[in-house]
Amino acid sequence: MVKLLKVTGASLEPSYQDGDFVLVSKIPFFFNFVRKGDVIVFYHEVYGTMIKRIDRLVPEQMGYYVLGTREDSIDSRLLGIIAKKNVIGKVIWHISK
């Protein structure tokens, strides 16, 4: 239900830096406590585990449109909608390096 993960890459800089840690939980998804602006961690079959900020909920497709903070970020502009089933959890605690 809760995982500690290390941030790698610069996709969400300056808020989340390479080497930071995040605690993620699946619990908010059980109670629909997820909204625009929340940061989630999800799995993508090509890119692996990724961290992004929710830009909008897409209820009819049971997923999320997510964005990074950089123009060259690999996010929903390239990946499309992130399915709820691929979400590892919502960031509930951020530990800066």
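**Exercise 1. Which residues make up the largest nonpolar core, and which strands supply at least two of them?**

Solution. Start with the members. Phe29, Val34, Ile40, Phe42, Met50, Ile54, Tyr64, Val66, Leu79, Ile82 and Val87 form the largest nonpolar core, 11 residues in all. Such a core is a set of buried Ala, Val, Leu, Ile, Met, Phe, Trp, Tyr and Cys residues joined through side-chain atoms within 4.5 Å. Buried means under 20% relative accessible area, exposed over 50%, partly exposed in between (1.4 Å probe, protein chains only).

The model is predicted: local features need pLDDT of at least 70 and side-chain atom pairs 80 or more, while totals for chains, interfaces and linings use all residues. Numbering starts from 1 along each chain as its sequence is written, and side-chain values use heavy atoms, without hydrogens or water.

Next, assign the strands. β3 (39-44), β4 (48-58) and β5 each give this core at least two residues. Strands (E, at least two residues) and helices (H or I, at least four) are DSSP runs numbered from the N terminus. A second core of nine residues lies apart from the largest one; Leu12, Val39, Ile51 and Val91 are among its members.

Finish with one member. Leucine 79 touches Phe42, His44, Tyr47, Met50 and Ile74, leaving aside residues up to four places away in sequence. Contact here means heavy atoms within 4.5 Å.

**Exercise 2. In what order do the seven strands of the sheet lie, and which are the edge strands?**

Solution. Read across the sheet: β1-β2-β7-β3-β4-β5-β6. The sheet is open and its pairing is antiparallel. β1 (2-6) and β6 (82-83) are the edges, each pairing on one side only. Two strands pair if DSSP finds at least two bridges between them.

Now take the pairs in turn.

- β3 to β4: six bridges join these antiparallel strands. Isoleucine 40 faces lysine 52 of β4. The two strands form a hairpin with three residues between them.
- β4 to β5: five bridges join this antiparallel pair. Leucine 57 has tyrosine 64 in β5 as its bridge partner. This hairpin has four residues between its strands.
- β5 to β6: two bridges join β5 (residues 63-67) to β6, again antiparallel. Tyrosine 64 stands opposite isoleucine 82 of β6.

Tyrosine 64 thus appears in two steps: it is the bridge partner of leucine 57, and it stands opposite isoleucine 82. Both Tyr64 and Ile82 belong to the largest core.

**Exercise 3. Is lysine 90 buried or exposed, and with which side chain does its own side chain make a polar contact?**

Solution. First locate the residue. Lysine 90 sits in strand β7 (residues 87-95). Its relative accessibility is 14%, so it counts as buried.

Then look for a polar partner. The side chain of lysine 90 makes a polar contact with the side chain of aspartate 38, at 3.2 Å. A polar contact is a pair of N or O atoms within 3.5 Å; within protein, one must be able to donate a hydrogen and the other to accept it, and residues adjacent in sequence count only if both atoms are side-chain atoms.

Last, list the surroundings. Beyond four places in sequence, lysine 90 touches Leu23, Val24, Ser25, Pro28, Phe29, Phe33, Asp38, Val39 and Ile40. Of these, Phe29 and Ile40 are in the largest core, and Val39 is in the other one.

**Exercise 4. Where are the cis peptide bond and the positive phi values in residues other than glycine?**

Solution. Begin with omega. Glutamate 13 and proline 14 are joined by a cis peptide bond, with omega about 10 degrees. Proline 14 lies in the loop between β1 and β2 (21-25).

Go on to phi. Asparagine 32 has a phi near 55 degrees. Its place is the loop between α1 (27-30) and β3. At 59% relative accessibility, asparagine 32 is exposed. Methionine 62 has a phi of about 50 degrees. It lies in the turn of the β4-β5 hairpin.

Set these against the norm. Most residues other than glycine have a negative phi, and most peptide bonds are trans.

**Exercise 5. How much space lies in the largest pocket, and which element gives the most to its lining?**

Solution. The volume is about 300 Å³. There are 18 lining residues, with Thr8, Ser11, Thr49, Met50 and Ile51 nearest the centre. β1 and β4 are the elements that give two or more residues. β4 gives the most, with four.

On a 1 Å grid over the protein atoms alone, a pocket is an open set of points where a 1.4 Å probe fits, with protein on both sides within 12 Å along at least five of seven lines; lining residues have an atom within 4 Å of a point. Points join across faces, edges and corners, and the volume is the space filled by probe spheres set on them.
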